[in-house]
Amino acid sequence: MLRPFNRAGQALPLQRKTIVVTKSLQKTLAREFHPTYDVTRSYEWNYRHGPHFKGPYPPVRKEAPRISFLGFRLRSRLGVAAGPLLNSQWIRVYAKLGFDILSYKTVRTRWRPSNPKPNCVLVDTRGQLTDDRLGENLHVMTQPPAGIRDISITNSFGVPSRNPSIWQEDVERAKRYLDKGQVLVVSTMGSSEYYPDAPSFIQDFARSAALAREAGADIVELDLSCPNSNAAEGMVYLDPELSGAISKAAKAELGDVPLFIKLGNFWNRDRFESVIKTNAPHVDGIVGINTVKMTVLDENGKPAIPGRPQSGVCGAGIKQSGLQFVHWLCETRKKNRYDFVMIGVGGIMNPEDIREFLDTGVDAVEVATAAMWDPYLAYRYYLTRHGKM
Ligand SMILES: Cc1cc2nc3c(=O)[nH]c(=O)nc-3n(C[C@H](O)[C@H](O)[C@H](O)COP(=O)(O)O)c2cc1C
């Protein structure tokens with residue numbers, strides 16, 4: 001058994017409530033990467049066979065769920081953002097790994113296939129992707145990443161979905177895998193290719209939310225900002241009127257079930273304020289940011305994801321954009337006395353990043369890229385909170 005140490009390296013006394021990190025878990029934690037998603041295979045393969053996780057699992061937590069979050073009680077303020085958890089099997093594993101806000105990858109009111117592989121490619125962002133760099137061409141990584149803070153990826157799935165009857169049954173299953181102190185968020189969206197005019201698109205969004213509520217989602221989140229779907233779907237979050245109308249229609253379907261909206265990065269503060277203003281009366285939570293749309297090329301100057309020159313970039317390189325978003329969100333919530341909860345996402349890779357985001361005043365944080373490469377992140381964060389790392 002290893003004795004716990006604090007950050008300064010001082011040995012801490014072993015108390016009755018001390019969680020002891022076994023040698024095999026300590027050895028596993030020493031490795032920074034444990035990818036659970038096989039990027040060399042298709043989305044469909046990962047949906048059927050993933051996640052790739054052989055354990056060991058961290059010890060069962062003994063702490064009571066004390067954090068109040070929209071009427072739920074959570075064990076921590078850390079979750080997995082919509083995306084990496086493809087279905088209930090993924091939710092089961094990540095719930096056991098200690099992530100407490102578990103988001104089911106975005107689903108639709110009808111079946112839709114994934115874009116062909118590759119769906120995820122490692123990108124060299126050469127530092128932070130600040131607003132002034134958004135027109136740049138990025139290139140794929142040519143060296144293996146040295147540490148978790150080197151990992152940025154571009155992903156492009158096109159928001160695939162099973163038919164509602166299949167995902168609804170699976171959401172019910174996912175709910176059964178949660179422990180006390182955990183919540184299930186189901187992310188949904190409308191499909192503009194089938195519902196191109198605004199009224200039917202809004203209705204389809206509302207119907208997707210209603211289906212998620214019916215399946216037992218604790219919280220429903222609308223994906224208003226996916227840069228990998230078509231422009232009409234991906235840009236909704238920049239349109240104050242359309243996004244507000246979608247939130248209003250969805251909330252009417254949800255009643256007491258909390259509604260979150262997922263926003264992307266903004267370059268313009270006025271636009272940001274307008275969008276928050278039209279959505280605030282209808283939503284219980286705002287989540288951001290989504291991936292940042294960029295051009296990513298391979299070593300030969302060809303699109304890194306064939307046929308899709310632009311795709312969403314996420315991971316370490318978007319941390320500054322994520323922080324800018326949450327700073328703006330905290331300011332506007334305070335100034336206008338809005339009462340929605342705020343969930344910060346974007347470039348959070350390790351326990352220090354989690355702390356830095358929480359210190360801005362957000363109610364919770366979520367990770368996507370880091371959850372795929374370091375499924376032990378929730379446990380590492382747990383150890384730091386309890387003075388054991
Ligand atoms: C593999 C993958 C799939 C994603 N799929 C979705 C999705 O279906 N819906 C959504 O709202 N966001 C999706 N995202 C975006 C994430 O939720 C998150 O907003 C973004 O990746 C930034 O967080 P990160 O830097 O921690 O990865 C996805 C991200 C990744 C990495």
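**Two barrels and a helix crossing in a predicted model**

Along β12 the side chains alternate. Val 292, Met 294 and Val 296 point to one face and are buried. Lys 293, Thr 295 and Leu 297 point to the other face and are not buried. This follows a general pattern: in a regular strand, side chains alternate between the two faces of the sheet. The model described here is predicted.

Met 294 serves as an entry point to this region. The residue belongs to strand β12, which spans residues 292-297. Within 10 Å of Met 294 lie 24 other C-beta atoms. A residue counts as buried at 20 or more such neighbours, so Met 294 is buried. Which residues does Met 294 touch, not counting those up to four places away in sequence? The contacts are Leu 134, Leu 138, Gln 310 and Val 313. Gln 310 is 16 residues from Met 294 along the chain. The C-alpha atoms of Met 294 and Gln 310 are nevertheless separated by 5.3 Å.

Strand pairing places these residues in a sheet. In general, strands of a sheet pair through backbone hydrogen bonds, in either a parallel or an antiparallel sense. β12 and β13 run antiparallel and are joined by four bridges. Here Met 294 stands opposite Ser 311 in β13. Strand β6, residues 137-140, also pairs with β12. These two strands run parallel, and three bridges join them. Asn 137 of this pairing stands opposite Thr 295 in β12. Strand β13 covers residues 310-315 and pairs with strand β7, residues 152-155. That pairing is antiparallel and extends over four bridges. Within it, Ile 153 stands opposite Cys 314 in β13.

What order do the five strands of this barrel follow? They close in the order β5-β6-β12-β13-β7. The pairing is mixed. Neighbouring strands of this sheet are turned by 55° against each other on average, direction ignored.

A further barrel is closed by eight strands. The strands run β3-β4-β8-β9-β10-β11-β14-β15, and the pairing is parallel. On average, neighbouring strands of this sheet are turned by 25° against each other, direction ignored. One pairing in detail is that of strand β9, residues 219-223, with strand β10, residues 259-263. The two strands pair in the parallel sense over four bridges. Glu 221 stands opposite Phe 260 in β10. Helix α3, residues 88-96, packs on the sheet. The helix touches β3 (78-80), β4 (101-107) and β8 (183-188). The direction of α3 makes about 160° with that of β4.

Two other helices pack against each other. Helix α4 spans residues 164-176, and helix α5 spans residues 198-215. Their axes come within 8 Å and cross at roughly 40°. Because of this angle, α4 is oblique to α5. The crossing of α4 past α5 is right-handed. From α4, the contact is made by Pro 164, Gln 168, Val 171 and Glu 172. From α5, Leu 211, Ala 212, Glu 214 and Ala 215 take part. What is the make-up of this contact between α4 and α5? The residues divide into five nonpolar, one polar and two charged.

Several backbone features stand apart from the general rule. Most residues other than glycine have a negative phi, and most peptide bonds are trans. A cis peptide bond joins Lys 117 and Pro 118, with omega about 0°. Pro 118 lies in the loop between β4 and β5, the latter covering residues 120-124. The peptide bond from Gly 288 to Ile 289 is also cis, with omega near 20°. Ile 289 lies in the loop between β11 (285-288) and β12.

Positive phi values occur at Arg 126 and at Val 159. Neither Arg 126 nor Val 159 is a glycine. For Arg 126, phi is about 45°. Arg 126 lies in the loop between β5 and β6. For Val 159, phi is about 50°. Val 159 lies in the loop between β7 and α4. Are these residues buried or exposed? Arg 126 has 12 other C-beta atoms within 10 Å. Exposed residues have 12 or fewer such neighbours, so Arg 126 is exposed. Val 159 has 24 C-beta neighbours inside 10 Å and therefore counts as buried.

How values were computed. Residues numbered from 1 in each chain as written. Predicted model: local features only at pLDDT ≥ 70, side-chain atom pairs only at ≥ 80, totals over all residues. Axes fitted to C-alpha atoms, helices over the stretch in contact; angles between N-to-C directions. Parallel < 35°, antiparallel > 145°, perpendicular 65-115°, else oblique. Left-handed = near helix turned anticlockwise from the far one by under 90°. Contact = placed C-beta atoms within 7 Å. Nonpolar A, V, L, I, M, F, W, Y, C, P; charged D, E, K, R; others polar. Pairing = 2+ DSSP bridges.
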